[in-house]
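Visitor: Could you take me through one part of this protein up close? I'd like to hear about the nonpolar core, and then how the rest sits around it.

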Amino acid sequence: MTVSAEPIAAPSGAARTAIPRSDAPTRFAVPPRARRAVLTAVPLAGLLLAWYLLTTNQVVFWLRFDKIPTPAEVADSLRAQLGAASYYRDILASTRRILVGFGLATVSGVLIGMAVGRSAVVSALVRPVLEVFRPIPAIALVPLAILLFPTGEQGIVFITFFAAFFPVAVSTIHAMHALPRVWEEAAQTLGARRLDILFRIALPGALPGIFSGLSVAMGVAWICVISAEMISGQFGIGYFTWQSYGLLDYPGVIVGMLTIGLLGWFTAWLVELAGRRVNRWLPRAQR
């Protein structure tokens, strides 16, 4: 037997281990939260810059920015309001009306929506009533609310409830109709009762659609509560904004508008946060 002493050559296709160069540039990884914060701040900063340039230079080009308060004037008005107790009283009054009206609309809208979505008899009885009242603007009910309720506070809460109820109810109805039939059939096969199917299968399965309606309802509720406060309120951020306009305090009007926007943004974020927590069981793409 002959043994060759020649060295064995490495295969031509063998992979070579690449040694990274020490002078190669490294990519800086931006944390996701910092990236989202920057993306949120950029358009807001752009709007603020445009506002400053247009009002400071008193641009008049179809739109008359020479009549609009500058950011500095609004900042001075905001600083004065932050030191006044009435400003916080108005914010508290509007927030209380939103919480009560939106809370009542959530409970009643989900219950009625579930009943209409699950029962053909209830749908035949209730759905026509919903469709008749749904197109009516809530703000159109202000004269009726003044006549019906003994106090303006109760009337404003009713208008807020009326505005938020229909998005919640309709989204719940559609969410019930969209549930896969196989879920209910599988539960019935395993011996589940009607209440078990309703509260353990139908309601959890409809929650993503319900929270979509809640998010819409929160924005509509703020629109209507502010409008109602402007017409018949004595307190609230809508009343503050309208009173500032009546006194020709235009920086105060802008302060009221910005306050309304921030309150609406915060409450909508709370609804979305609650929806993400409740729908944690869903795949990430469906939340």
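Guide: Here is a walk through the core, followed by the surface.

Keep in mind that this is a predicted model, where local features need pLDDT of at least 70, side-chain atom pairs count only at pLDDT 80 or more, and totals for chains, interfaces and linings use all residues. Residues are numbered from 1 along each chain as its sequence is written, and side-chain values use heavy atoms, with hydrogens and water left out.

First, the layout. The protein chain has 10 helices and two strands, taken from DSSP runs (helices are H or I, at least four residues; strands are E, at least two) and numbered from the N terminus. Reading from that end, the order is α-β-β-α-α-α-α-α-α-α-α-α.

Now the core itself. By a nonpolar core I mean a set of buried Ala, Val, Leu, Ile, Met, Phe, Trp, Tyr and Cys residues joined through side-chain atoms within 4.5 Å. Buried is under 20% relative accessible area, exposed is over 50%, and partly exposed lies in between (1.4 Å probe, protein chains only). The largest core has 49 residues, and the members touching the most others are Phe102, Ile159, Leu214, Trp222 and Ile237. Two or more residues each come from helix 3 (85–118), helix 5 (142–148), helix 6 (152–177), helix 8 (194–232), helix 9 (237–246) and helix 10 (250–278). Helix 8 gives the largest share, 15 residues.

Zoom in on Leu214: leaving aside residues up to four places away in sequence, Leu214 touches Phe102, Thr106, Val168 and Val271. Contact here means heavy atoms within 4.5 Å. Across the protein chain, 70% of the contacts with a separation of 6 or more are between residues 24 or more positions apart. Of the chain's 287 residues, 32% are buried.

How far can you trust it? pLDDT is the predictor's confidence in each residue, from 0 to 100. The chain averages 86, with 88% of its residues at 70 or more. Among the elements, helix 3 has the highest mean (95) and helix 7 (residues 181–189) the lowest (82).

Finally, step outside. Leu44, Leu47, Leu262, Trp265, Phe266, Trp269 and Leu270 make a nonpolar surface patch of about 770 Å². Helix 1 (32–56) and helix 10 each give two or more residues to this patch, with helix 10 supplying the largest share, five residues. Leu47 belongs to helix 1 and counts as exposed because its relative accessibility is 60%. So helix 10 gives residues both to the core and to this patch.

How values were computed:
Patch = residues over 30% accessible without salt bridge, like charges linked within 9 Å, V, L, I, M, F, W, Y side chains within 5 Å. Areas by Shrake-Rupley, 256 points an atom, 1.4 Å probe, with all protein chains shown as cover. Salt bridge = Lys/Arg side-chain N within 4 Å of Asp/Glu carboxyl O.
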